[in-house]
Amino acid sequence: MDKIAVVILNWNGRDMLRRFLPAVLSCSADPGVRVHVVDNGSTDGSVEVVEALFPEVHVLPLGHNYGFAEGYDFGLQLIDAEYLVLLNSDVEPTPGWLRPLAAYMDAHPEAAACQPKVLSYNRRDHFEYAGACGGFIDRYGYPFCRGRVMDVVERDGGQYDAPVPVFWTTGAAMFIRQADYHAAGGLDARFFAHMEEIDLCWRLGAQGRQLVCVPQSVVYHVGGATLAKGSPKKTYLNFRNNLLMLYKNLPDSELRPVMRVRRVLDWLAAASFLVRGRVGDFRAVVRARRDFRRMRPDFLADRRKNLRVACTADVAGRTSFSLLWQYYVRGRKFYSALPPR
């Protein structure tokens with residue numbers, strides 16, 4: 001068994017692999033570390049490029065595009081390591097990036113997963129949208145980060161360099177114990193992509209396991225390499241999967257009141273898209289809510305199981321306030337300006 005398996009899920013990302021694998025390999029060259037590429041049925045020659053240019057990389061071709069969640073679930077079943085690192089193909093690590101993460105996890109058996117500080121590849125002094133310096137979630141399911149609230153991304157000045165417990169760790173660079181990943185059931189394949197790592201972290205947190213950001217480890221993330229920000233498909237998956245995540249994990253006392261408020265907020269979001277001429281995003285929200293209602297019965301067994309195995313409903317990093325109220329009404333657009341968690 002390896003100590004650490006760095007696992008990159010790839011689908012038609014030949015150019016990204018050619019561009020970022022050299023840094024991944026050189027920055028991860030520690031004893032007990034092995035780099036894997038799980039290929040989701042690429043048709044662009046990705047597998048051939050990796051095998052020709054990076055023979056030290058272990059390639060696992062799945063032969064089909066299973067999406068982010070199921071692709072990782074299939075691939076990780078074939079890998080044996082104490083720690084798994086789910087790493088996006090458009091991430092550039094820095095030298096020694098794995099050491100602070102492994103050291104923290106070795107010293108804290110209560111932690112199931114952690115993440116590095118995630119900075120923007122293109123604006124290197126700013127946080128990156130997807131994960132920044134650790135993720136949180138508000139009462140109604142809206143995620144935010146140290147360093148990113150809604151669309152406002154902060155400059156990194158070391159203001160969030162203390163390791164802290166978080167609600168979720170980014171799927172762009174998630175460092176997780178293999179035992180915890182499989183015990184929690186892994187990523188939910190029905191999500192396909194988006195919100196699946198937050199759902200996994202919610203399940204882990206509800207079972208008393210800790211999630212942490214360790215900013216002494218730093219990576220740079222391009223972001224939006226698969227689905228560009230503002231894509232109606234991304235809008236659809238984010239809204240649908242967020243509702244499914246809430247349904248799967250909310251305690252009984254909160255389910256109905258939270259879902260009533262979300263119905264109003266989602267229709268307001270749809271109306272806002274329509275007024276701004278973003279018809280595709282408007283339709284995406286409508287379809288997301290329709291498909292959530294259609295799919296909800298299939299998640300009832302998961303909901304019952306999650307509530308049965310949970311040891312707490314008060315998961316660290318989930319706030320009692322509304323992020324939309326704080327952002328749009330109170331004008332609080334930086335993490336440090338939000339009410340205390």
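Biologist: Hi! Is Asn 241 buried or exposed?
Modeller: In this predicted model, Asn 241 counts as buried, because its relative accessibility is 0%.

Biologist: Where does Asn 241 sit?
Modeller: Asn 241 is part of helix H7, which covers residues 232-249.

Biologist: And what does Asn 241 touch, leaving out residues up to four places away in sequence?
Modeller: On that count, its contacts are Phe 191, Ala 193, His 194 and Met 195. With Phe 191 there is also a polar atom of the Asn 241 side chain 2.9 Å from the backbone oxygen.

Biologist: Nice. Since we're on H7, how many residues does H7 give to the largest nonpolar core?
Modeller: That core has 82 residues, and Tyr 72, Leu 84, Leu 86, Ile 176, Tyr 181 and Trp 202 have the most contacts inside it. H7 supplies 8 residues, the largest share of this core.

Biologist: Which residues does Ile 176 touch, again skipping those up to four places away in sequence?
Modeller: Among them are Leu 84, Leu 86 and Tyr 181, along with Ala 112, Ala 113, Leu 200 and Leu 204.

Biologist: What other core lies apart from that one?
Modeller: Another core, of 34 residues, includes Val 6, Leu 17, Ala 102 and Ala 111.

Biologist: New topic: which strand holds Tyr 220?
Modeller: Tyr 220 lies in strand S13, residues 210-221. Tyr 220 is buried because its relative accessible area, 15%, falls under the 20% cut-off.

Biologist: How far apart are Tyr 220 and Pro 116?
Modeller: In sequence, 104 residues separate Tyr 220 and Pro 116, while their C-alpha atoms are 9.8 Å apart in space. Beyond four places in sequence, Tyr 220 touches residues including Asp 90, Glu 92, Leu 119, Tyr 121 and Arg 124.

Notes:
Residues numbered from 1 in each chain as written. Predicted model: local features only at pLDDT ≥ 70, side-chain atom pairs only at ≥ 80, totals over all residues. Heavy atoms only, no water. Helix = DSSP H or I, 4+ residues; strand = E, 2+ residues; numbered from the N terminus. Buried < 20%, exposed > 50% of the residue type's maximum accessible area, 1.4 Å probe, protein only. Polar contact = N/O pair within 3.5 Å; in protein donor to acceptor, adjacent residues only side chain to side chain. Contact = heavy atoms within 4.5 Å. Core = buried A, V, L, I, M, F, W, Y, C linked by side-chain atoms within 4.5 Å.
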